[in-house]
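Let's take a friendly walk through one strand and its neighbours, and then stop at the cysteines. Have a look at the structure first.

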Amino acid sequence: MAQQQTAAEHSTEESAAATYDVVVLGAGPGGYSAAFRAADLGLKVALVEQHPVLGGVCLNVGCIPSKALLHAVKVIDEAEQMAAHGIAFGKPKIDLERLNGWKRGVIKQLTTGLAGLAKQRKVEIVRGVGRLTGSHQLHVETEQGTRAVAFRHCILATGSRPLIPPALASEDARVMDSTGALRLEEIPGHLLIVGGGIIGLEMAAVYSGLGAKVTVVELSDRLMPGADRDLVKVLSKRLEQRCEAIHLETEVTAIQSNKKSLTVSLQGAKAPESVRCDRVLVAVGRRPNSEEIGLEAAGIEVQTDGTVAVDEQMRTAVLHIHAIGDLVGQPMLAHKAVHEGKIAAEVIAGERSAWDARGIPSVAYTDPEVAWIGVTEEEARAAGTAYEKGMFPWAANGRALSLEAADGLSKLLFDAESGRLIGGGIVGPGAGDLIAEVALALEMGADAHDIGLTVHPHPTLSETVAMAAEAVAGTLTDLPPKKRRS
């Protein structure tokens, strides 16, 4: 990225008068990680956050509350599954008030912990809406009035918000975004979800598990675009059993509010003209929060998609102002933001640090979970990359069978020339945890023998990763032998 300096080389007088070495705007996972890392490196840090508690979208209205609810649904599902094996429970009674109370308790424990960590590190929390007013200063609208905060360096970590297309915008509270869905105000009789990506499908799992009829509408020809079809196929079969309907290659053209219901107009070759439902969840993506934070005042341009361009050290065109997380683009994932935040803090502290990750794992915490990292098989074919694939079906894994997960699978892709791992995907219970081994192997440049010769505990699901590697190495004994080439 071409770099440029602001007028008068950032104004040395303004920089010298700075109150803080670093000001971080936004206290989500990326923001608070950046602030804490900078403090650990001896810098004086202020963390500006407009909400009452730290943690951002992920902790308060995203990742954490959704996982709590998904766990609750998993307990219901497992209880139902065991009825076929001699252990039967009664029909679950769902107390939404207590369920939401437990969810809030999980959030509170984490946010309280963050406040304690900030205090221990002497990171000053500035509550209010922050906006850059120059290259070395921002104003924060607090309850006590406007406060000017001067800095030597700044890290922008303002995150993103749900994207609502104009055709789907509605003042009717029954039309929700992901934040509204996670409030879990009621269990609707029929929920229509617009968007078959990770967020939409996780909410499909939550609401269908709690007893709602769920219809999913997706514009593309598949669920969860970005993941390989063979992984998503396992999930799709389960969703077809749980959902009222799944409409692919279908567009939602309008939402009409009625007194007792909503009428959703659809346009698709195999879809009905309309569907009546009690609530609608719009989950078609997210947009960076780049507006109204004063980027133009600091001399930073916003790209057409709302993101801010950065280099491998997370520096914007104004070198002492860094940007991280959703603000700098896809993938919009908390774990990516955390790593970027630490890099920005380390660069500011004068350390040699840069983004050079070989892969970023993606996880859908659906039932079953779907996780992948690195090059997908479809990407490899499209790019003409020669690869070897090792796949292990969970039907041959004892631990998977005991978990009613025989339809799961693990697969690894290795570069045909170098033999090194270039990607992998897993579908089944715990896939989000299992993908971490694949991520480590990818970063370490492992080949099939490195993974296959690593002794894995038995009986575990982790064995399926090793056996996928053994399939390429030619040492797999848990499946019939491949026919030898003449």
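## A covered strand and its partners

Strand S9 (residues 190-194) is mostly covered, since five of its five residues are buried; buried means under 20% relative accessible area, exposed over 50%, and partly exposed in between, with a 1.4 Å probe and protein chains only. This is a predicted model, where local features need pLDDT of at least 70 and side-chain atom pairs count only at pLDDT 80 or more, while totals for chains, interfaces and linings use all residues. Residues are numbered from 1 along each chain as its sequence is written, and side-chain values use heavy atoms, leaving out hydrogens and water.

Which residues cover the two faces of S9? His190, Leu192 and Val194 are buried on one side, and Leu191 and Ile193 are buried on the other.

Strands and helices here are DSSP runs numbered from the N terminus (strands, E, at least two residues; helices, H or I, at least four). Two strands pair if DSSP finds at least two bridges between them. Here are the partners of S9:

| Partner | Bridges | Direction | Facing residues |
|---|---|---|---|
| S10 (residues 213-217) | five | parallel | Leu192 and Thr215 |
| S15 (residues 279-282) | four | parallel | Leu191 and Arg279 |

## The cysteines

How many disulfides does the structure hold? The count is zero, where a disulfide is a pair of cysteine sulfur atoms within 2.5 Å. Cys277 has no such bond because its sulfur is 14 Å from the closest cysteine sulfur, in Cys243, too far for a bond. Cys277 is buried, at 2% relative accessibility, whereas Cys63 is partly exposed, with a relative accessible area of 29%.
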